Amino acid sequence: MRRLIMAVATGALGLVLSAGPVLAFQCPTLIKQINDAASNRFDAGAASAKAMAAEADALHKAGKHAEAVAKADEAAKAMGLKLMKK
Ligand SMILES: [Cu+2]
C-alpha cells in the first residue's frame, strides 16, 4: 500500500516537473505568433493584441508561464488569430 502511494506521488511530481519547461518553451512561440500576425495590421484588435502579447512576455519572464499562455490566448482572440500550440 505504501509503495503504491509512493509510486503515485512520484508520478504526479514527474508530471508537474515536466509540465513547467514545456509551458516555458511555449510562451515565446505563442507571443511571436501574435506579434508576427499583428505586425502588418493596424486595426484596434491587433493593437490590443500587441499590448497583451507584451503583458504575456512580462508574465513569462516572471516565471508565470500558465498566466502568460492564458494572456496569449486572450491576445489571439482579440485579433481573431488561431494560435498553433504544441
Ligand atoms: Cu513562459
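Begin by selecting K71, a residue of this predicted model that sits in helix α3. Is K71 buried or exposed? Its relative accessibility is 18%, and because residues under 20% are classed as buried, K71 counts as buried. Now show what surrounds K71: leaving aside neighbours within four places in sequence, K71 is in contact with M52, E55, A56 and L59.

Move next to A72, which also belongs to helix α3, the helix that covers residues 65-78. With a relative accessibility of 1%, A72 counts as buried. If residues up to four places away in sequence are not counted, A72 touches L30, I34, A56 and L83. Draw a line between the C-alpha atoms of A72 and A56, and you will span 5.9 Å in space, although the two residues are 16 residues apart in sequence.

Now colour helix α2 and helix α3 separately and look at how they lie against one another. Two packed helices are described by the angle between their axes and the distance between the axes. Here the axes of α2 and α3 come within 8 Å and cross at roughly 175 degrees, which means that α2 is roughly antiparallel to α3. To see where they meet, select on the α2 side residues including G45, A49, A53, A56 and H60, and on the α3 side residues including H65, A68, A72, A75 and A78.

From this pair of helices, go to I34. Which residues does I34 touch, not counting those up to four places away in sequence? They are A49, A53, A72, A75, A76, M79, L81 and L83. I34 is also part of the largest nonpolar core, a group of 18 residues in which I34, M79 and L83 touch the most other members. The elements α1, α2 and α3 each give two or more residues to this core, and α2 gives the most, with six residues. In soluble globular proteins, nonpolar side chains tend to be buried together.

Select the copper ion next. Which protein atoms are its donors? They are SG of C27, ND1 of H60 and ND1 of H65, and they lie 1.9 to 2.2 Å from the ion. Along the sequence, the donor residues follow the spacing C-x32-H-x4-H. The pair C27 and H60 links distant parts of the chain, since C27 is in helix α1 and H60 is in helix α2, 33 residues apart. Both C27 and H60 are buried.

Finally, zoom out to the whole chain and colour by secondary structure, which comes to three helices and zero strands, with the elements running α-α-α from the N terminus on. Of the 86 residues of the chain, 27% count as buried. Among the contacts with a separation of 6 or more, 63% are between residues 24 or more positions apart.

As a last step, colour the chain by pLDDT, which averages 86, with 77% of the residues scoring at least 70. Which element has the lowest mean pLDDT, and which the highest? Helix α1 (residues 2-39) has the lowest, at 73, while helix α2 (residues 44-61) has the highest, at 98. Where pLDDT is low, the predicted coordinates should not be read in detail.

Conventions. Residues are numbered from 1 along each chain as its sequence is written. This is a predicted model: local features need pLDDT of at least 70, side-chain atom pairs count only at pLDDT 80 or more; totals for chains, interfaces and linings use all residues. Side-chain values use heavy atoms; hydrogens and water are left out. Helices (H or I, at least four residues) and strands (E, at least two) are DSSP runs, numbered from the N terminus. Buried means under 20% relative accessible area, exposed over 50%, partly exposed in between (1.4 Å probe, protein chains only). Contact means heavy atoms within 4.5 Å. pLDDT is the predictor's confidence in each residue, from 0 to 100. Donors are N, O and S atoms within 2.8 Å of the metal (3.2 Å for Na, K and Ca); water is not among the atoms, so sites may look incomplete. A nonpolar core is a set of buried Ala, Val, Leu, Ile, Met, Phe, Trp, Tyr and Cys residues joined through side-chain atoms within 4.5 Å. Axes are lines fitted to C-alpha atoms, for helices over the stretch in contact, and angles run from 0 to 180 degrees between N-to-C directions. Angles under 35 degrees count as roughly parallel, over 145 as roughly antiparallel, 65 to 115 as roughly perpendicular and the rest as oblique.
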